[in-house]
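Here is a report on the open and enclosed spaces of one protein, and on the packing around them. Please keep the sequence and the structure in view while reading.

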Amino acid sequence: MKINSDNIRESLLQERQVEYKEDISRRRLHAVIIMILTASFILYIYIHGSLISEGGLTSNFSQKLMGPSLEHVFGTDHAGRDMYLRTIKGLSTSIKVGFYGTISSFVISIVLCTMLIIGGNKVDKLVNFLIDSFLSFPHMMFLILISVAVGRGLKGVILGLALTHWTGLTRILRSEILQLLNEDYIKISIALGKSKFYIFWNHILPNLLPQIIIGLVLLFPHAILHEAGITFLGFGLSLSTPAIGIILQESIKYITTGHVYLALFPGLMLVFLVLCINNLGESLKSLLDPNEVHK
């Protein structure tokens with residue numbers, strides 16, 4: 001009887017292990033499918049928007065303020081331009097600006113984290129002071145001030161995004177670095193006389209890669225939303241630049257006349273794009289972070 005009960009217990013344990021592995025495989029497959037779908041949509045927006053020429057956005061006043069139809073899915077604006085093409089072009093511009101702003105923030109974060117490892121406690125206090133100082137300013141106001149100070153436009157928005165979005169990623173990487181520096185294998189490397197650059201490149205950076213990749217992807221939608229926000233308020237990209245913020249700004253004045261679709265569809269597309277990028281980041285997190293898979 002004891003042998004039989006042990007056999008039953010082992011068989012149940014094996015079944016649970018098989019079910020557990022199958023559940024993890026299903027979660028990974030689900031994450032991969034979501035990544036493929038969201039990445040395809042983002043690439044479609046960017047590539048299609050980049051291929052739209054100025055000729056495709058020319059004014060045609062004979063078709064102004066037409067509602068959604070098979071010919072114009074999102075309708076036409078006050079100048080007779082196709083709102084779907086304008087929306088795709090604007091979102092493509094937002095993706096480009098958000099990408100440059102995110103990469104610039106990433107460079108600032110990596111430089112500060114490298115200085116933190118090389119400089120020790122004094123640099124760590126300086127980095128922490130800089131993070132707290134930048135976070136003490138209202139985020140949107142600080143972004144607007146930087147953009148206006150450098151003359152607005154593409155350069156001003158990218159610089160503003162870079163100087164206001166590095167704090168979150170730097171704080172995450174700083175906490176990871178401080179935790180890694182207390183690991184035994186790094187203390188052994190220090191005792192063996194390995195240089196700080198060697199420790200950073202061979203021990204710390206490989207462990208930071210998942211956090212860096214996930215942080216970059218999750219930082220991307222914030223940059224896009226803030227770019228659209230300050231452009232909508234009139235402190236971002238110029239009116240001659242096709243941008244989603246400008247489209248929404250122009251559409252607001254026509255809502256009271258019953259042309260709600262002019263702001264509704266571009267706004268929904270912006271929200272959907274941000275959600276897709278956010279889901280892409282969450283899917284990457286579930287694949288790269290072992291703790292997320294087992295939840």
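## Pockets

The largest pocket holds a volume of about 570 Å³. Its lining counts 26 residues, and Leu169, Ile172, Glu176, Gln211 and Gly215 are the closest to the centre. Three helices give two or more residues each to this lining: α5 (153-180), α7 (196-232) and α9 (261-288). α5 gives the most, with 10 residues. By class, the lining has 10 nonpolar, 11 polar and five charged residues. The model behind these values is a predicted one.

The second largest pocket has about 380 Å³ of space. Here 17 residues form the lining, with Ile42, Ile95, Phe99, Phe220 and Leu280 nearest the centre. At least two lining residues come from each of α1 (2-51), α2 (83-119), α7 and α9. α2 gives the most, with six residues. What classes of residue line the second largest pocket? The lining has 15 nonpolar residues, one polar residue and one charged residue.

## The cavity

How many cavities of 30 Å³ or more does the count give? The count comes to one. The largest cavity has about 40 Å³ of space. Its lining consists of Asp77, His78, Met83, Arg86, Ile247, Glu250, Ser251, Tyr254 and Leu262. Both α2 and α8 supply at least two of the lining residues. α8 has the largest share, three residues. By class, four of the lining residues are nonpolar, two are polar and three are charged.

The table sets out the linings by class.

| Space | Nonpolar | Polar | Charged |
|---|---|---|---|
| Largest pocket | 10 residues | 11 residues | five residues |
| Second largest pocket | 15 residues | one residue | one residue |
| Largest cavity | four residues | two residues | three residues |

## Nonpolar cores

The largest nonpolar core has 30 residues. Within this core, Ile224, Leu270 and Leu273 have the most contacts. The helices that give two or more residues to the core are α1, α2, α7, α8 (244-252) and α9. α9 gives the most, with 11 residues. Take Leu270 as a way into the packing. Neighbours within four places in sequence aside, Leu270 is in contact with Leu91, Ile224, Leu225, Ala228, Ile244 and Leu248. Another core lies apart from the largest one. This other core has 21 residues, including Ile110, Leu116, Ile186 and Ile212.

## Two residues to look at

Thr87 sits in helix α2. Is Thr87 buried or exposed? Thr87 counts as buried because its relative accessible area is 0%, and the cut-off for buried is under 20%. Which residues does Thr87 touch, once neighbours within four places in sequence are left aside? The contacts of Thr87 are Phe74, Ile244, Ile247, Pro266 and Met269. Ile247 is also one of the residues that line the largest cavity. Ile244, for its part, is also in contact with Leu270.

Leu65 is found in the loop between α1 and α2. The phi angle of Leu65 is near 50°. That is a positive value in a residue other than glycine. Why does Leu65 count as partly exposed? Leu65 has a relative accessibility of 26%, and so falls between the limits of 20% for buried and 50% for exposed.

## The whole protein

The protein has 10 helices and zero strands. From the N terminus on, its elements run α-α-α-α-α-α-α-α-α-α. The protein has 295 residues, and 41% of them count as buried. Consider the contacts with a separation of 6 or more. Of these, 70% are between residues 24 or more positions apart. The accessible surface comes to about 16500 Å². Carbon and sulfur atoms account for 66% of that surface.

Terms used:
Residues are numbered from 1 along each chain as its sequence is written. This is a predicted model: local features need pLDDT of at least 70, side-chain atom pairs count only at pLDDT 80 or more; totals for chains, interfaces and linings use all residues. Side-chain values use heavy atoms; hydrogens and water are left out. On a 1 Å grid over the protein atoms alone, a cavity is a set of points where a 1.4 Å probe fits but cannot get out, and a pocket is an open set with protein on both sides within 12 Å along at least five of seven lines; lining residues have an atom within 4 Å of a point. Grid points are joined across faces, edges and corners, and a volume is the space filled by probe spheres set on the points. Helices (H or I, at least four residues) and strands (E, at least two) are DSSP runs, numbered from the N terminus. Ala, Val, Leu, Ile, Met, Phe, Trp, Tyr, Cys and Pro count as nonpolar, Asp, Glu, Lys and Arg as charged, and the others, Gly among them, as polar. A nonpolar core is a set of buried Ala, Val, Leu, Ile, Met, Phe, Trp, Tyr and Cys residues joined through side-chain atoms within 4.5 Å. Buried means under 20% relative accessible area, exposed over 50%, partly exposed in between (1.4 Å probe, protein chains only). Contact means heavy atoms within 4.5 Å. Accessible areas come from the Shrake-Rupley method with a 1.4 Å probe; for residues, only the protein chains shown count as cover.
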